[in-house]
Each structure stands twice: as structure tokens, then as C-alpha cells.
Amino acid sequence: MALTTVATYDVREDARRARLAALLQAHGDRIQKSVFLLATAPDELVTLCDRAADIIDAETDSLWIMRQCCDCWDVVVRIGQAEPPAKVLLWTVM
């Protein structure tokens with residue numbers, strides 16, 4: 001079962017920041033420059049955290065990963081353009 005997770009980072013170096021953003025983008029949607037909504041299974045989240053730890057410099061960078069329950073999303077306050085990305089279904093014909 002996929003969990004909704006919020007990931008946000010502050011990475012000093014451009015190359016590391018780009019690598020981390022690409023990793024997070026592969027697992028979810030960017031909702032602001034350094035904030036992502038991820039949908040991952042629990043074991044995927046562990047792997048994602050391990051890979052992210054290999055990218056960042058723990059002395060200068062920070063990464064927050066916060067799992068969210070369904071009840072948490074029922075009380076989220078959104079103001080202005082703050083809407084979660086729409087789910088896009090893609091079909092493949094083989």
C-alpha cells in the first residue's frame with residue numbers, strides 16, 4: 001500500500017540538489033521548488049531514504065521526509081494556488 005509522504009530539502013550545491021530532485025521526482029510530484037508529494041510503499045521509502053542519504057552532504061544539507069496519514073490530509077489548509085497535482089492516467093497500447 002502506497003503512503004503519501006511529504007519531502008522537502010535544502011541542498012547547498014547545485015549538482016547534489018539536481019540529483020536529489022530527480023530522485024524525488026521519480027517517486028512523486030514537485031509541488032514547490034524544494035517540496036515533493038510522494039506516493040511510495042514502505043519498503044520503497046526505505047530505499048529512497050538510503051539513496052537520498054548517499055546524495056546529500058549531512059554537514060551542509062537537510063532533507064525532511066514526513067509520512068502522512070489519511071486523517072492528516074483531511075485537515076490540510078490550502079490557500080491560493082496551493083493545490084495538489086492532478087493524477088494523470090497514461091495508457092499504453094502494445
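Reader: Is Glu13 buried, partly exposed or exposed, and at what relative accessibility?
Author: Keep in mind that this is a predicted model. Buried needs under 20% relative accessible area and exposed needs over 50%. Glu13 comes out at 39%, so this residue counts as partly exposed.

Reader: Which residue does Glu13 form a salt bridge with?
Author: The closest N and O atoms of the pair are 3.2 Å apart, and the rule allows anything within 4 Å. The partner has 14% relative accessibility, so it counts as buried. That partner is Arg16.

Reader: What other residue is linked with Glu13 and Arg16 in a network of salt bridges?
Author: Look at Arg16 again: another salt bridge there has its closest N and O atoms 2.9 Å apart. The partner lies in the loop between H2 and strand E4 (62-68), while Arg16 sits in helix H1, so the pair ties together parts 45 residues apart in sequence. Both residues of this pair are buried. The residue linked with Glu13 and Arg16 is Asp61.

Reader: And Arg17, how far apart are the closest N and O atoms in its salt bridge with Asp14?
Author: Arg17 and Asp14 are 3 residues apart in helix H1, so about one helical turn separates them. Arg17 is partly exposed at 28%, and Asp14 is exposed at 55%. Their closest N and O atoms are apart by 2.5 Å.

Reader: How many residues does the largest nonpolar core have?
Author: Tyr9, Phe36 and Leu48 are among those with the most contacts inside it. Strand E1, helix H1, strand E3 and helix H2 each supply at least two of its residues. The number of residues in this core is 14.

Notes:
Residues numbered from 1 in each chain as written. Predicted model: local features only at pLDDT ≥ 70, side-chain atom pairs only at ≥ 80, totals over all residues. Heavy atoms only, no water. Core = buried A, V, L, I, M, F, W, Y, C linked by side-chain atoms within 4.5 Å. Buried < 20%, exposed > 50% of the residue type's maximum accessible area, 1.4 Å probe, protein only. Helix = DSSP H or I, 4+ residues; strand = E, 2+ residues; numbered from the N terminus. Salt bridge = Lys/Arg side-chain N within 4 Å of Asp/Glu carboxyl O.
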